[in-house]
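Trainee: I am new to this structure and would be grateful for a close look at a single part of it. Please set that part in the context of the whole chain as well.

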Amino acid sequence: MLQTRPHALAKPFLFICLASLIASPSNAQVTFSTDFQGPTAGLADGFAVGVITAGDILTVPVPGAPGPNAPVVGPFAAAPGIEVGAVAAAPGAYPGGLGLVGGAGGVIEMDALSYGRDTGAFQFMFSVDEFAVGVAGTAPDVASEGALGLTGASADIFMFLAPFGTFPPGGVVGNVAVFDGNGIGPSGLPGVALIEPGAPTVGVIPELGDILDAVDLNTTAADLAGPIYFSLDGGFPDPNEPLTIANTGSALANGFSGADVLVSTAGGAPALAIPAALMGLDLGGAGTDDLDALIFNDADGSMGYTPGDTLYFSVRRGSAVIGAMDSFYGAPIEEGDVLTLPTGAGLAPAIFLPAEALGLATARMTTAGPWGPDDLNAMDLLIDPPVPPVPSASAPVLGLIVIALGIASSLILLRERARV
């Protein structure tokens, strides 16, 4: 259990205004990447740039190039458009490709993305992989869309039902779907032109549906001019997949660890921006962890982490740091946790936002599904978020009241520490 660590800076919860419908934010231009195992990788892109790879930064194909474009209701006549190619020029403001080379089988796999300006009073948004089951709340959410539901969660984008950096004790916790994969599902939400449904598929490539595994919302043309921050795929396998289907090792092929944050500018070869060791990763050796979700605000423009910057991340299933005790709560780290820099004398990352708070299934709360704890594999902060629906009075509070009482104030302190 995560223990109480009260702090004088704790602030009252800023209650979310509730409405009966989910509104699509007008400024939510989206860029994203998709996993190499999904069916969209290999399709002709919607901007006629070329064939989509899992290392490309994509956007919604309508109304067309140059983008970035906002999610819209489907169906879509084309695949997502390439906004920034892994190796090729594209219609956006970025002058060329990211300068990447392929890993196993020549595949390039990007699995985290930021433009270095993730800051402000935003709402926390995230996605999960195809094995996630969630914890029952109010549909549409990870539980209703996930592996034991409609099997479309891996292509969807969800919103945490509290402002980022706060945790309402005894109040609204969990998530709600905000953007859909294909835009035509029963939710009726705007989509991003990905393919769904995508039930857990073991040992088969391509899988039935897509896995959105890197995302940025509120992307602007200025963002696309760079710098662009990202992480590449590690080479160790997903424990839920057979060993014959290891991940691509794109990071090693480019001279980095899958736990490093890289930066690319003006189409040049990527450089190291934030080393794994600074984040408490790769403690078991180079390439033993894989960062797969990123929030980063480069406050001073140094193209690396310095005090005053904001940095949050998550790691994928199979990373060696999973199960290690985090440096703030002393709780075992899971693949659904939002992490930040180690605190105090600890070596491992600190848990900033526990997976349970997001409505994800965990081993800590014995809610993990048949494929193990849920894996958070993309995240961002959204300006001017949609307003969530009123949760049903009878909906379970995800068994988190005990944790909520214990960490409501601690999260504020941890946020401050992450920026010092």
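Mentor: The account below begins with the whole chain, turns to one strand, β5, and then places other parts beside it.

The model is a predicted one. Its protein chain holds five helices and 16 strands. Of the 420 residues, 59% count as buried. About 14000 Å² of the protein chain is exposed, and carbon and sulfur atoms supply 64% of that area. Among contacts between residues at least 6 apart in sequence, 70% join residues at least 24 apart.

Strand β5 covers residues 123-128. Six of its six residues are buried, so the strand is largely enclosed by the rest of the structure, where buried means under 20% relative accessible area. The two faces can be read separately: Q123, M125 and S127 lie on one side, F124, F126 and V128 lie on the other, and both sides are covered.

The strand also has partners in pairing. Strand β16, residues 376-382, runs antiparallel to β5 and is joined to it by six bridges. Within this pairing, S127 faces A378 of β16. Strand β6, residues 157-160, is likewise antiparallel to β5, with two bridges between them. Here F126 has F158 of β6 as its bridge partner.

A separate item to examine is an open sheet of four strands, in the order β3-β2-β1-β8, with antiparallel pairing. Its edges are β3 (81-84) and β8 (212-217); each has a single partner strand, so one side of each is left without a neighbour in the sheet. On average, neighbouring strands of this sheet are turned by 40° against each other, direction ignored. Strand β1, residues 30-34, is joined to β8 by five bridges in the antiparallel sense, and T31 stands opposite D216 of β8.

The nonpolar cores complete the picture. The largest has 27 residues, and V261, I274, M279, L281, L291, L294 and L311 are those with the most contacts inside it. At least two residues of this core come from each of β10 (261-264), β11 (271-274), β12 (291-297), β13 (310-315) and β15 (350-353). Another core, of 26 residues, lies apart from it and includes L189, A293, Y312 and A355. Returning to I274, its contacts are D260, V261, M279, F296, Y305 and L311, when residues up to four places away in sequence are not counted.

Terms used
Residues are numbered from 1 along each chain as its sequence is written. This is a predicted model: local features need pLDDT of at least 70, side-chain atom pairs count only at pLDDT 80 or more; totals for chains, interfaces and linings use all residues. Side-chain values use heavy atoms; hydrogens and water are left out. Buried means under 20% relative accessible area, exposed over 50%, partly exposed in between (1.4 Å probe, protein chains only). Two strands pair if DSSP finds at least two bridges between them. Axes are lines fitted to C-alpha atoms, for helices over the stretch in contact, and angles run from 0 to 180 degrees between N-to-C directions. Contact means heavy atoms within 4.5 Å. Accessible areas come from the Shrake-Rupley method with a 1.4 Å probe; for residues, only the protein chains shown count as cover. A nonpolar core is a set of buried Ala, Val, Leu, Ile, Met, Phe, Trp, Tyr and Cys residues joined through side-chain atoms within 4.5 Å.
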